[in-house]
Amino acid sequence: MLGRKLNIDRIAALIVLAVCAVFWWQLGFINTKLDKIFPQFVIISLAVLSGILLIKSFIKPESKVIFTMKHRGMVALGAALLVLWVVLIDYIGFLITSIAMFAILSWIMQDKQKRTVKAAISSVLVGAILIGAVYLLFAKLLMVPLPKGTLFM
Amino acid sequence: MILEGLLSILTPQILLYILIATIGGLIVGALPGLTATMAVAVMVPLTFGMSPTTGLSVLGAIYMSAIYGGCFSAILINTPGTPGSIATAFDGYPMCVKGEGMRAIVGATVGSVVGGVVSMLFLFFLSPPLATISLKFGPPEYFWLAIFGLTVMASMGGEGSLIKTFMAGGLGLLISMIGITIMGGELRFGFDNYHMQGGIELIAAMIGLFCIPEALNYMSSFGSMYDIKNPEKMNKSIWSAVGETFRLYKTMARSSIIGVIVGILPGAGGTIANMIAYNDAKKSSKDGAKFGTGILEGVVAPETANNATVGAGLIPTLTLGVPGTSVAAVIYGALLLHGLRPGAELFTTNGKIVWGFMFAILISTFLMGVIGILAGVPMYKSISKVPTRFMAPAIVSLSIVGSYAVRNNPMDVVVMIIFGLIGSVMKELGLAPGAMVLGLILGPIAEAGYVRSTLMAFAAGKIQTFVTRPICLILIGLTVMSLVWPIFTKWLADRKRVS
């Protein structure tokens, strides 16, 4: 089940046209003329290119099934977990969040029959060692203070 | 004086410092988000207690090896460790996937050493005449240099459409304009959000665009890192790879010259040299069509060029007191802190220290070559066996730390993730994320050049300032050639196919 083919030229052209419209509207708030000329040139060029692509999408479209990878569900779940990872860092800090997210991701990224307790332990161990090493390197050796999380401040 | 300088660093203590600094620079360069500038800046206070010769030798060694270190992550995990290694990933990573990672690492190493040595020779022997070139570069020249740099996009789309590649680059340009404007100091494209005042952090966006799509890609394939069809290729001898790289001496020579020229221009640096050299190699190679699929030339050219900016960047720094690259600017500060005043008299008043510093960089260039091969080849062999279930979260962790470390700003991590997700969608739609990064890098240079040139033209009452200056004319010619060349070669190939 790969899904249906999409006209990616048309999608790309419409997205970029929408971006151009939003940026053009924002340009209206700028008062200095010299600060407007370069962005105006870029937006107009982008809009022209998008227009050409839009016309091409009707004459000679490039259609394909997007996100054709083997485990599409996993990619969607992975993307959601990435967002959660970043959100949680704010609350519980880099160290704990990253070990937990590393363990969860590495445990679920394998075939269902391999998701055993042993695999879970190995995921936690590898996560703790790797994230611990990254933490020590950055926070202690290179003096980059990594987020501690608002709950522990 | 020259011999005295060389002898001053040939002590066991200084040589040990140079070795440690070289290894440290390699590690920092290989970690996404940690740049050579940051590494040198962090080390400056630690050199206070050292003698000027020792302190400057350490900084020089870090500079050279950190620029080279970026190639490891670019080749092994498709994630440039420094912005100066972006183009290295275009062919380096496909080579890894094909089982030719060892060739890629050896090629990058030999190229980096050659580029580094050539640039140091220029620094040794041709500093004064070359330094004057950097003074001839005004705003109009920078504007055209950025426009010429943007034409590199034509080489980035792979098999995708050229229109879409330029669209991706245009989006990068547009996003680079977010933040406070040059003239009026107003918040542009900020949507009334004060977080946008500082603009989009380039490193965070770059890490997102390159790393996150790769991590998501690994998440979709349960197995080992590279799906190597011919594992026997992995066991090729290192010496044969070294020989193979040296046969690309013409590519290395051209890329070295590109690196030296770009390096001496204040503010340009390794990122632009890396891209321009890749583009040049693609255009001049008989295998130009194979670029992007994993070809040795595509790794050697950009890696030679970025290390060739190191010595070149120091030319205007040492002789004129005008830093050629951002790292050279930090080194300029370090020189002042150690009581040395860059300028024409530096070589006569403090010749022993300056020559010692330059020889230390040269020694570190050879050391990084040996260490790079000794560490890089086994690293490739072990990474190729790492299961993707460990590699994907590891890449994400490093991306988070790397984007955060640039400014210690949690917003940059959010920016990184947003750009990562945007990059994944862009890839599926055929919009090259690499072109967007190029737009992000060159946008500010192009706009600043444009605004200042316009002011110059108004002041002089001559709008032709933009196009009549000799260097501008050369850059315009190169831009036109760069744009027309792919169309011409495609037309030639079509004609051959028909006949």
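**Figure 1. The A:Asp9 and B:Lys164 pair in the predicted model.** Both A:Asp9 and B:Lys164 are buried in this predicted model. The two residues form a salt bridge, with 2.8 Å between the closest N and O atoms. Side chains of opposite charge can pair when their charged atoms come close. A search of the whole structure finds 12 salt bridges over all chains. A:Asp9 belongs to helix 1 (residues 8-27) of chain A and B:Lys164 to helix 9 of chain B, so the pair joins two chains.

**Figure 2. The interface between chain B and chain A.** Contacts across this interface involve 62 residues of chain B and 70 residues of chain A. The area buried between the two chains is about 5600 Å², and carbon and sulfur atoms give 80% of that area. Two salt bridges are counted between chain B and chain A. In addition, 14 residue pairs are in polar contact across the interface, with both residues at pLDDT 80 or more. On the side of chain B that touches chain A, at least two residues each come from helix 9 (162-176), strand 2 (187-188), helix 10 (202-219), helix 18 (388-407), helix 19 (410-429) and helix 20 (433-460) of chain B. Helix 18 of chain B gives the most to this side, with 13 residues. By residue class, the side of chain B that touches chain A divides into 43 nonpolar, 13 polar and six charged residues.

**Figure 3. The salt bridge of B:Arg407 and B:Glu201.** B:Arg407 and B:Glu201 form a salt bridge in which the closest N and O atoms are 3.8 Å apart. The pair links distant parts of the chain, 206 residues apart: B:Arg407 lies in helix 18 of chain B, and B:Glu201 in the loop between strand 2 and helix 10 of chain B. B:Arg407 has a relative accessibility of 37% and therefore counts as partly exposed. B:Glu201, by contrast, is buried, with a relative accessible area of 14%.

**Figure 4. The salt bridge of B:Glu214 and B:Lys427.** The side chains of B:Glu214 and B:Lys427 meet in a salt bridge with an N to O distance of 3.8 Å. Distant parts of the chain are again linked: B:Glu214 is in helix 10 of chain B and B:Lys427 in helix 19 of chain B, 213 residues apart. B:Glu214 counts as buried because its relative accessibility is 2%. B:Lys427 is partly exposed, with a relative accessible area of 41%. Elsewhere, salt bridges that share partners join A:Asp9, A:Lys56, A:Glu62 and B:Lys164 into one network.

**Figure 5. The surroundings of B:Thr304 in helix 14.** B:Thr304 is located in helix 14 (residues 296-320) of chain B. Its relative accessibility is 0%, so B:Thr304 counts as buried. A polar atom of the B:Thr304 side chain lies 3.5 Å from the backbone oxygen of B:Gly111. Residues up to four places away in sequence aside, B:Thr304 touches B:Gly111, B:Ser112, B:Gly115, B:Met252, B:Ser255 and B:Ser256.

**Figure 6. B:Ile315 in helix 14.** B:Ile315 also has its place in helix 14 of chain B. B:Ile315 is buried, with a relative accessible area of 0%. From B:Ile315 to B:Leu46 the C-alpha to C-alpha distance is 25 Å, and the two residues are 269 residues apart in sequence.

**Figure 7. The fold of chain B.** Chain B has 22 helices and two strands. Its C-alpha trace spans about 65 × 65 × 55 Å along the principal axes. The radius of gyration of chain B is 22 Å, which agrees with the value near 23 Å for a compact globule of 499 residues. Of the 499 residues of chain B, 64% count as buried. Among contacts in chain B between residues at least 6 apart in sequence, 79% join residues at least 24 apart.

**Figure 8. The fold of chain A.** Chain A has four helices and two strands, and from the N terminus on its elements follow the order β-α-α-β-α-α. A radius of gyration near 15 Å would be expected of a compact globule of 153 residues, but chain A has 23 Å. The C-alpha trace of chain A spans about 55 × 50 × 25 Å along its principal axes. Of the 153 residues of chain A, 37% count as buried. Of the contacts in chain A with a separation of 6 or more, 69% are between residues 24 or more positions apart.

Notes:
Residues numbered from 1 in each chain as written. Chains lettered and ligands numbered in written order. Heavy atoms only, no water. Contact = heavy atoms within 4.5 Å. Buried area = accessible area lost by both parts, 1.4 Å probe. Salt bridge = Lys/Arg side-chain N within 4 Å of Asp/Glu carboxyl O. Polar contact = N/O pair within 3.5 Å; in protein donor to acceptor, adjacent residues only side chain to side chain. Nonpolar A, V, L, I, M, F, W, Y, C, P; charged D, E, K, R; others polar. Rg over C-alpha atoms; globule rule 2.2 N^0.38 Å. Buried < 20%, exposed > 50% of the residue type's maximum accessible area, 1.4 Å probe, protein only.
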